[in-house]
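Student: I have the sequence and the coordinates open. Can we work through the helix packing, the cysteines and the loops?

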Amino acid sequence: MESNNISFVEVEEMDECEYSSPIFLEWKMIFVGIFGLIVALTSIFHNSLLFYTFSTSTELRKRNLTYLMWISGCDVFISICYIAIMCVQVYTDYFESFSLLVLWHDYLRVAFTVSHITLSAASFLLMAATIERYLQSTADNRTLKLFKFLATHRACVVFCCFLASLLFRGTVFFEIEVVHNENCTGFSSMGLAVVPMFGQNMDVVWRFFVRKIVTVFLPFAVLAYFNAAIVMNVRRTDRDQTVKALVLFITVGTR
């Protein structure tokens, strides 16, 4: 009886420590490890060039490209985090490198947090740029005053965007922890676990009803509404200018 129990425990430990490579690993290596790496490196180069050009050119500073400059900066970090998280994970499984696995687990929490913060910051910056463009496209005096106020305080708006993304996405660092299984060796000795911060029910409220709504659904709704409003304002302005031109042509005879 004792021998049966011992063998049963040994079987459980063997199942727990058994490592199996992910499915479609060859396809992941092609699309994520090769093509994804090329796209990420291209993005890093081009967005770094944009950020440097926007930040150093005195001529471009006069054209109100502050939001685009910081969005390009966020894209640089997003591409770096893509390589660090996605590409290295595929390389680890494809080449079965335990050293890469240890390195990946060492920096994963930082890279994952930075990627979440920069993604949300880019969404907030794009939302701020769209709202500013909408205010600029309207002919109302109140909206023009608000546009001038925001235009003169763009640095504060950028700071608020990064602060909001840090508050809503910075907690990702504390929600993930690296787990070491002392009963196993090799690839099965390390793993990841989700750590509840406020309890099970409050975590659901925080992650979905607060963070997901503020950082995903709200930017999507704001961008959809204000972009549609910008199109309507531009079409209305073009129509009014066309009518004015026709009236002038009929009455005065000038084109």
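Tutor: A crossing is left-handed if the near helix is turned anticlockwise from the far one by less than a right angle, and right-handed if clockwise. Keep in mind that this is a predicted model.

Student: Which hand does the crossing of α2 and α4 have?

Tutor: The axes of α2 (residues 25–56) and α4 (residues 66–95) come within 8 Å. With the sense of turn as defined above, α2 passes α4 in a crossing that is left-handed.

Student: Is α2 roughly parallel or roughly antiparallel to α4?

Tutor: Two packed helices are described by the angle between their axes and the distance between the axes. Here the axes cross at roughly 155°. Angles over 145 degrees count as roughly antiparallel, so α2 and α4 are roughly antiparallel.

Student: How do the residues of the contact of α2 with α4 divide?

Tutor: The contact belongs to the pair whose axes come within 8 Å. Its residues divide into 23 nonpolar, 9 polar and 3 charged.

Student: How far apart are the end C-alpha atoms of residues 29–55?

Tutor: UniProt, in an unreviewed entry, places the feature "transmembrane region" at several spans, including residues 29–55 and 111–135. Over residues 29–55 the chain is 100% helix and 0% strand. The end C-alpha atoms of residues 29–55 are apart by 36 Å.

Student: And what is the helix content of residues 111–135?

Tutor: The end C-alpha atoms of residues 111–135 lie 36 Å apart. Strand makes up 0% of residues 111–135, and helix makes up 100%.

Student: How many disulfides are there?

Tutor: A disulfide needs a pair of cysteine sulfur atoms within 2.5 Å. For C161, the closest cysteine sulfur is in C160 at 7.1 Å, which is too far for a bond. Over the model, the number of disulfides is 0.

Student: Are C81 and C161 buried or exposed?

Tutor: The cut-off for buried is under 20% relative accessible area. C81 has 6% relative accessibility, and C161 has a relative accessible area of 7%. Therefore C81 is buried, and C161 is also buried.

Student: Where is F24, and is F24 buried or exposed?

Tutor: F24 lies in the loop between α1 (2–17) and α2. Its phi is near 55°, a positive value in a residue other than glycine. At 58% relative accessibility, F24 counts as exposed.

Student: What is phi of E96?

Tutor: E96 is found in the loop between α4 and α5 (98–137). At 53% relative accessibility, E96 counts as exposed. Its phi is positive, in a residue other than glycine, and near 50°.

Technical notes:
Residues numbered from 1 in each chain as written. Predicted model: local features only at pLDDT ≥ 70, side-chain atom pairs only at ≥ 80, totals over all residues. Heavy atoms only, no water. Buried < 20%, exposed > 50% of the residue type's maximum accessible area, 1.4 Å probe, protein only. Axes fitted to C-alpha atoms, helices over the stretch in contact; angles between N-to-C directions. Helix = DSSP H or I, 4+ residues; strand = E, 2+ residues; numbered from the N terminus. Parallel < 35°, antiparallel > 145°, perpendicular 65-115°, else oblique. Nonpolar A, V, L, I, M, F, W, Y, C, P; charged D, E, K, R; others polar. UniProt positions renumbered as here; feature names shortened; annotations may be inferred.
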